[in-house]
Amino acid sequence: MSAAPVTAIAAEGNPPPLPRRGRRIVLLVAGASLLCATAALAMLLLVSTASDGETSVLIGTLDSDRLAALALGIALAALSVGLCVIPVGRAWLLLLIPARIIAIGATALTGAMWILTSSATVVPLVAAGCETGYVVEEESFLFAAWGTVYRRDGLLVTAVDQFTADDGYHPFADGAYTVVDTGDSLDVWYSFAFDYSATPVSADGDPAFTVPKLTDRTLSCGVSTGARTPIPPAPATPTYDADEARAGLQNMIAASLEAAVGPVRDSSGGLLDPAELSVVATACGEDGSRSGLGFTFATADNGSSLARILQVWDAEGYSPDQAMQEDIRYSDALPVEKMSIRDSTTIDGLIHMQLSSQCSVD
């Protein structure tokens, strides 16, 4: 085949040519997808129109709105592909190129909206371990949460009530609700906000909503609400009085210097006695105090001493951190809140260490 036709097509501004058979297949698939998506949209519209908007379709977690959005996205994507693949003459490009841009942009916008609204959950409403014939759809966006209670009839559902929740919470998916059978109706209470303790929802006071009891169908039993187990509270952080915090600080100083490669000398070259180090108390909080100490020392091998001291700190359960050339250990529960150590042998031949205790209130 001559290269002239290919060059001519490219010159007219059309996309790089596919083989004629391949282009035809792509157009057929795009056309079939557009037809199916249009049929789905028409069917959803018919269901809504025939019931004056009271009945909709629910498949899994996809209700009529999300099904319509999905069908619209497929239709727009198929249209975009068709507009990009179909060859046209140069005269039509002024219309076709803007149409391609609009179709692709609309497809991307529909896909983004689909992703942003894809947090829906759908669970059966359960009373005393038995299904009730109702399902609950819950949705959230940012800090807003809302839900709809549907009576289910196969793929068709009818909205019977609506509710809201706090901070994006889905209480029915979390099993945080209680249903009381009053004979002719079902009274429902639910948790408006997430409860870490997962305390059973009380049926005191007026119910959040009431739905008629359905007696025209066979309902399955032995169904769980999916209620989660309580999340145990975090253990209380221990507190220390001033003497305990000071003693903990002094113990860590002694253990650190004992781990160093001796002898340990102060900055003037004399032997360092931990008992002679001056611990300073400073104010913290509204009426608390904190013990702190900073000092320098040298050992027979500063590099090895630093490594051994860090091993002692790690063994005591302190969490590691680092800032520039300084190694840090910290804790919210141990007597010493923060310890830092830096080897400046190449500068002054010393190791620099600082320690501060937890804030204590007597």
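Here are some short exercises, each with a worked solution, on the predicted model shown above.

**Exercise 1. Overall form**

Compare the radius of gyration of the chain with the value for a compact globule of 362 residues, and describe the span of the C-alpha trace.

*Solution.*
- Start with the reference: for 362 residues, a compact globule would have a radius of gyration near 21 Å.
- Now take the chain itself, which has 36 Å.
- Next, look along the principal axes, where the C-alpha trace spans about 95 × 80 × 35 Å.
- For the secondary structure, count seven helices and 15 strands.
- Turn to the surface: the accessible area is about 20700 Å², and carbon and sulfur atoms hold 61% of this area.
- Finish with burial and contacts. Of the 362 residues, 34% count as buried. Among contacts with a separation of 6 or more, 57% are between residues 24 or more positions apart.

**Exercise 2. The nonpolar cores**

Find the largest nonpolar core and say which elements give two or more residues to this core.

*Solution.*
- A general idea helps first: nonpolar side chains tend to be buried together in soluble globular proteins.
- The largest core here has 23 residues, and the ones with the most contacts inside it are Ile253, Phe295, Phe297, Trp313, Ile341, Met353 and Leu355.
- Two or more residues of this core come from each of α5 (242-259), β11 (288-297), α6 (302-315), β14 (336-344) and β15 (350-357).
- A second core is separate and has 17 residues, including Tyr177, Val179, Leu186 and Tyr190.
- To explore the larger core, centre your view on Trp313. Leaving out residues up to four places away in sequence, Trp313 touches Met252, Ser256, Tyr318, Arg329, Met339, Ser340, Ile341 and Met353.

**Exercise 3. A network of charges**

Work out which parts of the chain are tied together by the salt bridge between Arg66 and Glu139, and whether each partner is buried or exposed.

*Solution.*
- Begin with the general principle that side chains of opposite charge can pair when their charged atoms come close.
- In the pair of Arg66 and Glu139, the closest N and O atoms are 3.0 Å apart.
- Arg66 sits in helix α3 (residues 64-85) and Glu139 in strand β4, so the salt bridge ties together parts 73 residues apart in sequence.
- For burial, the cut-off is under 20% relative accessible area. Arg66 has 6%, so this residue is buried. Glu139, at 17%, counts as buried too.
- Now widen the view: Asp63, Arg66, Glu137 and Glu139 are linked in a network of salt bridges.
- The total for the chain is ten salt bridges.

**Exercise 4. Partly exposed pairs**

Describe the salt bridges Lys213–Asp181 and Arg151–Asp153, giving the N to O distance and the accessibility of each partner.

*Solution.*
- Lys213 and Asp181 meet through their side chains at 2.7 Å, N to O.
- Lys213 lies in the loop between β9 (209-212) and α5, and Asp181 in strand β7 (residues 177-181), so the pair ties together parts 32 residues apart in sequence.
- Both values of relative accessible area are in the partly exposed range: 34% for Lys213 and 41% for Asp181.
- In the pair of Arg151 and Asp153, the closest N and O atoms are 3.5 Å apart.
- Arg151 is partly exposed at 27%, and Asp153 is partly exposed at 38%.

**Exercise 5. A nonpolar patch on the surface**

Name the residues that make the nonpolar surface patch of about 490 Å², and place Phe141.

*Solution.*
- The patch is made by Phe141, Leu142, Phe143 and Trp146.
- Phe141 belongs to strand β4 (residues 130-141).
- With a relative accessible area of 39%, Phe141 is partly exposed.

**Exercise 6. Backbone details in loops**

Locate the cis peptide bond that joins Gly262 and Pro263, then examine the positive phi values of Ala128 and Asp167.

*Solution.*
- The bond between Gly262 and Pro263 is cis, with omega about -5°. Pro263 is in the loop between α5 and β10 (280-284).
- Ala128 has phi near 55°. Its place is the loop between β3 (121-127) and β4, and at 80% relative accessible area Ala128 is exposed.
- Asp167 has phi of about 60°. This residue is in the loop between β6 (156-166) and β7, and at 48% Asp167 counts as partly exposed.

Definitions and conventions. Residues numbered from 1 in each chain as written. Predicted model: local features only at pLDDT ≥ 70, side-chain atom pairs only at ≥ 80, totals over all residues. Heavy atoms only, no water. Patch = residues over 30% accessible without salt bridge, like charges linked within 9 Å, V, L, I, M, F, W, Y side chains within 5 Å. Areas by Shrake-Rupley, 256 points an atom, 1.4 Å probe, with all protein chains shown as cover. Salt bridge = Lys/Arg side-chain N within 4 Å of Asp/Glu carboxyl O. Helix = DSSP H or I, 4+ residues; strand = E, 2+ residues; numbered from the N terminus. Buried < 20%, exposed > 50% of the residue type's maximum accessible area, 1.4 Å probe, protein only. Core = buried A, V, L, I, M, F, W, Y, C linked by side-chain atoms within 4.5 Å. Contact = heavy atoms within 4.5 Å. Rg over C-alpha atoms; globule rule 2.2 N^0.38 Å.
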